[in-house]
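Here's a quick walk through how this model is put together. Have the structure open while you read.

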Protein chains: 2
Amino acid sequence: MSTPLERFSGVIPAGGVGSRLWPLSRADAPKFLHDLTGSGRTLLRGTWERLAPIAGPERVMVVTGRAHRAAVEAQIPELEDRNIVLEAAPRESTVAIGLAAAILRRREPDVIVGSFAADHVIADEAAFRAAVEQAVVAADAGYIATIGIQPTEPAIGFGYIECADAAHIEGAPDALLVRSFVEKPDEATAARYLADGRHLWNAGMFIARADRLLEQIGAFDAQLRAQLEELAEAWDDPATRGPAVDRLWPGLRRIAIDYAVAEPAAAAGGLAVIPGRFDWDDVGDFASVAKLKSAGRASDLSILGENARVLADASSGIVVSQSDRIISLIGVRDIVVVDTPDALLVTTTANAQRVKGVVDALKLSGRDDVL
Amino acid sequence: MSTPLERFSGVIPAGGVGSRLWPLSRADAPKFLHDLTGSGRTLLRGTWERLAPIAGPERVMVVTGRAHRAAVEAQIPELEDRNIVLEAAPRESTVAIGLAAAILRRREPDVIVGSFAADHVIADEAAFRAAVEQAVVAADAGYIATIGIQPTEPAIGFGYIECADAAHIEGAPDALLVRSFVEKPDEATAARYLADGRHLWNAGMFIARADRLLEQIGAFDAQLRAQLEELAEAWDDPATRGPAVDRLWPGLRRIAIDYAVAEPAAAAGGLAVIPGRFDWDDVGDFASVAKLKSAGRASDLSILGENARVLADASSGIVVSQSDRIISLIGVRDIVVVDTPDALLVTTTANAQRVKGVVDALKLSGRDDVL
């Protein structure tokens, strides 16, 4: 009999553009295809390198848009053909993860799937692995498992997981039951969450037996489950996949897995969380990029870009350079400068979240060429 | 007998690069070749259009570097061939103005020359003309005349002219004698100058009979005067000009006309000033560009650039765009963004004077390609 970890498969949904990282992130160059840490590897590659040693490289599946196939394959030459799932059009996380689970379960009925965003950053791979191992055990015990991140500050940019009592799962000593998932809080609430010790950041990591996950999707939306199963049945045969996608894809419901799976499972007492004791960042905006790159030293000027040529005097914040232009900063503090061939952004770390507003404005004004 | 104004010739020394306006101003695109007011005309063109109606278009001479000949001619198609003086190499203002004076005097012994920088901004052309007319009368009376600008704030970026008593010149009722020229003051001194009503900004405008000007140069440096006269003698004959330039140019002394002419003349009681009651700006840095462009409304974001495409939210200062890139600003106040094809500057209006330091640093690091 195989161990739970031997039955574990990783799933990497590689979808979001990362609007708050415009003009670096674009529809044709989404966040997961960028090196936002200066490590020399893209976020997608980093996610792969964290996950492949745990699941095995032949047991990691990437779900992405058709437009990104070549880029994903270039980033992960090890990725097997049958492990890249191309979405005909974006359909949110329940479809991405649910379809992967359904395909993998047809190949291996007792598979345990674990889904991890393609565009997050985790430095401590050993601690990550330890948490995944416990989550896999919890999943094998029938839970929808997640890994919540121990907060280090009263962040208002993340959703939170409210923990309940210990789950008492053999082999997963840290597992707690989850009382509820809560939306991004205001500052006072975030401070309370940090103080009470019962709240973890929701990093969107979900680990479950594939059959359990599909059951949960079916309980929420029976039609969606049926569509996903039908797609999965057709998937591995080139003759049937295309027609099934053409027939079913347009009608697939767009819904986040938090709503379709996590919240209902938590409400039913079926969700367990492993507290992750490692630095994690969703690199959601340029303030977060600056913080990561400078290791938290706000007085520094971080510079991202292979050919960056920056001349700075009395300046701090971050410069992202995608050109070989000379970039000169004088006396600008907490500045964000993102220099790309067709668009330039100048803001401050305090305003980093507002970048999405620019993207919305550009959309409204029909300037999709720079999005 | 001709009137003094009929004997007046304008001289426009078009030399300085304008380092504080980098990366807009460059060795090959100096400040005077830019439209810094958004008026649709370059500073040089503006200077010409102020001066030509007073002197007559055939009586304005431009002194510039050989590299700028084509650009100057493109800006001023009306400029007569014999009225463009090309410098073999930069030699500061005494040579530029003194040579023009010497050439013009050989053509017309009793000419009165008036020199006006190519890269200043004056909006009220009628008030400017009125001041020039009085200065020409003062020059005809034997004075080295200047036009000083009535200060409107305690500026520390300009030199000042300290006025003495009325000069009592018929036809120049506003003319005052000049006690001295003073260097850029500190803030306390500038405040005192503003309060005492006896100090005017030195706008570098000098009007004098050509023979008087050359006499004053000769009194300061007899050799320099002799060199200028020798050049002038050879100038209007193509057969003799080249050899004279080759022989004499390398040895010409580099000295500002303020030191060689204005200060000694003031000390000898031979300098008269006409107070100019018009807005004047030397557009010395981007703070000054921003102020000019926004008519002093500091809350505004000024935008310079024919094809500028700027998306700004809660931002003020100035954007200079020389590309068709989308430039997006979010929450940056008093910002200066200068976007050119090979160099980008981000600073604040308060730091605008420090731009010269970047240029110096680029020079030191051998990055002359962007200077």
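What follows covers the domains, the symmetry and the chain-to-chain contact.

This is a predicted model, where local features need pLDDT of at least 70, side-chain atom pairs count only at pLDDT 80 or more, and totals for chains, interfaces and linings use all residues. Residues are numbered from 1 along each chain as its sequence is written, while chains are lettered from A and ligands numbered from 1 in the order in which they are written.

Chain A splits into domain 1 (5-281) and domain 2 (286-370), with bounds from an automatic or database domain assignment. Their centres, taken over C-alpha atoms, sit 29 Å apart.

Now the pair. Turn chain A by 180 degrees, with 0.0 Å of shift along the axis, and it lands on chain B with an RMSD of 0.0 Å (a least-squares fit on C-alpha atoms of residues with pLDDT of at least 70 in both copies). That is how a two-fold axis relates copies. In chain A, A:Val346 has the C-alpha nearest the axis, at 4.2 Å.

Here are the contacts, counted when C-beta atoms placed from the backbone lie within 7 Å:

| Contact | One side | Other side |
|---|---|---|
| Between domains | domain 1 of chain A: eleven residues | domain 2 of chain A: 18 residues |
| Between chains | chain A: 29 residues | chain B: 29 residues |

On the side of chain A that touches chain B, S17(A) gives the most, six residues; strands here are DSSP runs (E, at least two residues), numbered from the N terminus. S15(A) also pairs with S17 (residues 343-348) of chain B, parallel, over four bridges (pairing takes at least two DSSP bridges). In that pairing, A:Ser328 stands opposite B:Leu345.

Technical notes
Contact = placed C-beta atoms within 7 Å.
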